[in-house]
Amino acid sequence: MIRNYFVTAWRHLFKNRLYAGINLLGLTIGLASCILIGIYVWNELSYDRFHANADRIARTTWEYRFQGDVQKVAVTGTKVGPEYKRTFPQVEAFVRLMKYPRVITLGDKMFDEKNFLYADETFFNVFSFRLLSGDPKTVLDAPDKLVITESMAKKYFGGQDPVGKTVKVGEKKQFQITGVAEDAPRNSQIRFDFVGSFSSLNASKTEKYNEANYTTYLLLKDRSHMDFMQTKGRDQMAERVKKEMSLQGSDYSMYNLEPLTSVHLHSELDGLEPNSNILYVYVLSAVAILILLIACVNYTNLSTAQSAGRSTEIGIRKVLGAAKKQVFLQFICESFLLSLVALLLALALSALVLPYFSRVAGRELSFAWLATPQAIAVLLGLVILVALTSGAYPSIVLSNGRIIGILKSGLRLTGSGTLRRSLIIFQFVISAFLIASTIIILQQLNFIQNKDLGYNKDQVIVLPVDYTMLTKYDEIKQVMSAHPSIISVGGAYEEPTHIGWADGLNK
């Protein structure tokens, strides 16, 4: 019986190709939009959840008040992690990270690498970054040890095994490669190409609460300890730090904990990578629903408008004994078949558009999620939902027609005019809202891209300066200023578009 429904549905859709094509186009675009937005939303919600200890890891942020000014930053001093470990039995381990661009030299190869991390030896035990070679417990347990990613191993060593070899980091230091790690997943706040041992830094030799340049993560023994550490643990640390730093009056210094999985979407403080916002997820999810509603309403209106031409078919079915339920199932099967074909086309369309959508979204998105059982279940559920939402009303109208009325004067959609008009108005309202929102967003983007920043950014070059160059800064500035193509030379602690500390500007 079910097979007969689908065969009949296919024959009808093939016979009415124009009607089917319009409906198919609307549903395909609606489903493709939902798939693309769904990939983006899944990517955002899945950030850092691939870590086995994700629910037990917390990022430590620093909030302090000095002379009336309150500041919040996502970095701490070198002492915070060790002090938490010594003071609270709830803390199993800590990891301090510092992202610091380095020049890597191997023979005649020299590259300025931006994704260079310094990390404590517990890095690969706390986080679930997979090592292809090397022992997680020892790869960073001494100064001048280095772990590189698989892509960097190919870049520097080709097909050779890099473990045991050395590279020069910066001006003088030689680091021994002790392990190779898989490239960090796209949905990770912590992205790296190189991980050097934290003990290689001079700062690791002393413990300080100030001089905050390091991102500190804590691994708790149980996720239930998160609330305690964020309340009583925070207060205890605040008292300890206030006494040790001799803070007076209303000045204070406290450390807050943020669960690792909530940082990307819920924290106001960027970490090693820029954060997003949960509001974007809500807005885009609402947009996907509205687009899909437009497609469903369009299908419903076309189906009811075409139903008058199917009076003979419906009348004959009823005369031959077809029950109301059977007529209803026939038209629902048509809707389901059309929705299933639309889904297949939407997947193909999404695959073509995804690279462009990724550039617009600023994310490295992939179809990997769609291959999971959860995604397949969601897609099938979406097809069923679309089929029922768009096909239920036309199916009810067509199946409720009385035999005598159909045979005498054809099918009449009695009482359905108000609902159809309401659906059309609803469709136009949503369309107008989405078009207006798109125009506003485009205007905002145009403003950001073309706002006069007070200088011609196309003619400004930013060059990184290391300690050796800094000692000869005046000489370098004099030589560069003498070049006929250079108008002026200036120096700063950080780039003008990204100033983390207000007291760093110099020269």
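In this predicted model, strand β1 and strand β2 (residues 69–73) run antiparallel and are joined by five bridges. One point at which the two strands can be located against each other is Arg 65, which stands opposite Val 70 in β2. The pair forms a hairpin with two residues between the strands, and in that turn Gln 67 has a positive phi of about 55 degrees.

Strand β1 (57–66) also belongs to the surroundings of helix α3, since it is among the elements that cover the buried residues of that helix. Helix α3 itself spans residues 80–87, and its buried residues are Val 80, Gly 81, Pro 82, Glu 83 and Tyr 84. Besides β1, the cover over these residues includes the strands β3 (91–99), β12 (215–220) and β13 (252–259), together with the helices α6 (225–230) and α7 (232–244).

Seen as a whole, the protein has 16 helices and 13 strands, and of its 507 residues 41% are buried. Among contacts between residues at least 6 apart in sequence, 76% join residues at least 24 apart.

We turn next to the open space in the model. The second largest pocket has a volume of about 1,300 Å³, and of the 36 residues that line this pocket, Tyr 40, Leu 284, Phe 357, Val 360 and Ala 361 are the closest to its centre. The elements that give two or more residues to the lining are the helices α2 (17–45), α9 (278–306), α11 (324–361) and α14 (417–450), and the largest share, nine residues, comes from α14. In chemical character the lining of the second largest pocket divides into 21 nonpolar, 10 polar and five charged residues.

The cysteines remain to be considered, and for these the count comes to zero disulfides. Cys 34 is in no disulfide, the nearest cysteine sulfur being that of Cys 296, at 8.7 Å. Why does the sulfur of Cys 296 make no bond with that of Cys 34? A disulfide requires the two sulfur atoms to lie within 2.5 Å, and because the closest cysteine sulfur to that of Cys 296, in Cys 34, is 8.7 Å away, the separation is too far for a bond. As to their setting, Cys 34 counts as buried because its relative accessibility is 15%, where the cut-off for buried is under 20%. Cys 296 is likewise buried, with a relative accessible area of 5%.

How values were computed: Residues numbered from 1 in each chain as written. Predicted model: local features only at pLDDT ≥ 70, side-chain atom pairs only at ≥ 80, totals over all residues. Heavy atoms only, no water. Buried < 20%, exposed > 50% of the residue type's maximum accessible area, 1.4 Å probe, protein only. 1 Å grid on protein atoms, 1.4 Å probe; cavity = no way out; pocket = protein on both sides within 12 Å on 5 of 7 lines; lining within 4 Å. Points joined across faces, edges and corners; volume = space filled by probe spheres on them. Helix = DSSP H or I, 4+ residues; strand = E, 2+ residues; numbered from the N terminus. Nonpolar A, V, L, I, M, F, W, Y, C, P; charged D, E, K, R; others polar. Contact = heavy atoms within 4.5 Å. Pairing = 2+ DSSP bridges.
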